[in-house]
Each structure stands twice: as structure tokens, then as C-alpha cells.
Amino acid sequence: MTSPKEPANATGSSSPAAAANPAHPARAADPAGPARAADPAGPARAADPAGPAGSNGPAGSNGQVVVRTEALTRTFGRGPTAVHALRGVTFSVRRGELVAVCGRSGSGKTTLLNILAGLEQPTSGRAWVTGLEVTAMSREEQLRLRRERVALIFQSFALLPMLSAAENVGVPMRLSRLDSAAREKRVSALLDLVGLARSGHQRPHELSGGEQQRVGIARALANNAELLLADEPTGQLDSHTARQIMGLIRSIVNARGFTAIVTTHDRALMDIADRVLEIRNGQL
């Protein structure tokens, strides 16, 4: 996902983060503590007609479907110069899965993630995230979805340069109006989780690329997202650091039961993913 023209994935202006939803099955308690009080209303949208998020997924994991798409297409332009980024993409992802999406540059990977995050609309087709039809939401509802249920990790890190690492991680919690004491405690726990317990005071330019991406991961976890979308998260990192970052994402998915969809060219990530989906000419 090319970083949209917004501050960061968790600032809420157009990028994501997430929240507890009482309508969903209970997950293990988060050792970093609750991000905020649950919103009983949840994003205002009709549920997936295939059933609540996760009622009828394939066997394996706990069978709960978190992402489902139905014949997604995305076309840019018209006539003979039209570019067909997606051509009838249908798939589903279960809770707790780490799915790698691979394909050549321009194959439609980023477009697919943008649609799932509500950052752009498909030309046709439908998509459900955590049981809600993201493709039928208003912009306000999509924004709320990103704040409460979906988190993004960007290739370019998308950190706010004038804020410290701790302050960047705390941005989504400020938007959720979490009180300062709870926010500071959770920020500290998240920085410790990603191995940056002593770097919270440093600004992005004082951190290495790998450290900046760790801050981005901590920020993505700030509001207990149910779905993590990462667009080429190791694209700007050397191979050694890339392996460390992918190992971190894998361990977080395993430990917290997140669902993650990651676009990549990195063979090491494909090897640790539960499934690999390849997009060719806009088709899976």
C-alpha cells in the first residue's frame, strides 16, 4: 500500500488501527492491557451473509473467517488503455492465519490490500472484513473500521517525524481517547514486545530502518486490531533485518491470534506463511 496521503496508519485520518468487538468470539487477554473500552455499537454495517466473522471458514485454525472477497475487480482508466489491476478475485482468510500475497510489481497486490482496508473501492465485487461489508461502507464507516479493527504496516514506515517512537505508538490510543496512564503503560509494553524498550524517546531519524519498522508494528498493535495488513513490510530492509521483522510478525500472529495478510517478494516470508497466494495479471 503506497502510503496514502495521511500521517500514519494509526492516525485515523485515513489509515488504520483496531478495537475489541463484543460481537466477536473472545480472544486471549492482551498482556499489554486493553487499548480502550469496547464500543457496543461497532461499525454500522450489515453482516457478511455467509455468517458472522468466522462462522463457516475452512477446517483448520478455529475455522473463523476474518476476510472474504467475492469476484473483486478493479479497473483504472477506460477503453483500450484501461488497466485491469484485479480480475474476479475471490478468497477467504481464517482467524490466526498469516497469508503471504506474492506477485510481480503491478500485479494488483497493493490494490487488493487497499480495498480490504477501505482505502479504495473496487470496480465491482464485494469484500467483508471481520464480518462487515467494507465495500458497502461510507467513508466515515471505513475510517472507523481502520481505527477499530484493521491495522496497516507500510513499506515506508509512515512514522510522524517530529514524534518520538513512544509518541508514534501512542497516536491511535490518543484518537481512541485512552487515558494517559493506561496509554503510557500500553506503549511501554508494546515497545518492549518489539524489542525497543530503551528506544521510546528516539525520533524516527535516530532509528535504523529495522527499528522504524518495529515501531510501525507496535503502532499497528496499539488498538488490538483483528486484521493486520502489511504491504511489503521488508521492502526497504536488508535481508538480515527483513528476516527479523518477518519472524516478529510470525510470532505476534501465533501469540495473539491475529490474522495477517502480507504482500511480499521475500521468499523468507513466503516460507513462514501459512499460505501463499500468487496474483498474476490481477487473478489469483
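The protein chain of this predicted model contains 7 helices and 10 strands. It comprises 284 residues, of which 55% count as buried. Its exposed surface amounts to about 12,300 Å². Carbon and sulfur atoms contribute 50% of that area. Contacts that span long stretches of sequence make up a high share: among contacts with a separation of 6 or more, 76% join residues 24 or more positions apart.

The largest nonpolar core has 38 residues. The residues with the most contacts inside this core are Leu 98, Val 169, Met 173, Leu 190, Val 215, Ile 217 and Ile 249. Both helices and strands build it. The helices that each supply at least two residues are α3 (165–175), α4 (180–193), α5 (209–220) and α6 (239–256). The strands that do so are β4 (98–102), β7 (149–153), β8 and β9 (259–263). Helix α6 gives the most, with 7 residues. A second core of 29 residues is separate from the first. Val 89, Phe 91, Leu 116 and Leu 227 are among its members.

Asp 231 lies in strand β8, which covers residues 227–231. Its relative accessibility is 4%. Asp 231 therefore counts as buried, the cut-off being under 20% relative accessible area. The side chain of Asp 231 makes a polar contact with the side chain of Thr 263, at 2.5 Å. Asp 231 also comes together with a residue from elsewhere in the sequence. Its C-alpha atom is 6.5 Å from that of Ile 153, although 78 residues separate the two along the chain.

Gln 244 offers a second case. This residue belongs to helix α6, the element that gives the most residues to the largest core. Gln 244 has a relative accessible area of 37%. That value lies between the limits of 20% and 50%, so Gln 244 is partly exposed. The C-alpha atoms of Gln 244 and Thr 234 are 9.5 Å apart. These two residues are 10 positions from each other along the chain.

Aromatic residues were examined last. The structure holds 0 aromatic pairs. A charge does, however, sit over a ring: the charged end of Arg 68 is placed over the ring of Trp 128. The distance from this charged end to the ring centre is 4.1 Å.

Methods:
Residues are numbered from 1 along each chain as its sequence is written. This is a predicted model: local features need pLDDT of at least 70, side-chain atom pairs count only at pLDDT 80 or more; totals for chains, interfaces and linings use all residues. Side-chain values use heavy atoms; hydrogens and water are left out. Helices (H or I, at least four residues) and strands (E, at least two) are DSSP runs, numbered from the N terminus. Buried means under 20% relative accessible area, exposed over 50%, partly exposed in between (1.4 Å probe, protein chains only). A polar contact is a pair of N or O atoms within 3.5 Å; within protein, one must be able to donate a hydrogen and the other to accept it, and residues adjacent in sequence count only if both atoms are side-chain atoms. Rings of Phe, Tyr and Trp (its six-membered ring) pair if their centres lie within 6.5 Å; planes under 30 degrees apart count as stacked, over 60 as edge-to-face and the rest as tilted. A charge sits over a ring if NZ of Lys or CZ of Arg is within 6 Å of the ring centre and within 35 degrees of the ring normal. A nonpolar core is a set of buried Ala, Val, Leu, Ile, Met, Phe, Trp, Tyr and Cys residues joined through side-chain atoms within 4.5 Å. Contact means heavy atoms within 4.5 Å. Accessible areas come from the Shrake-Rupley method with a 1.4 Å probe; for residues, only the protein chains shown count as cover.
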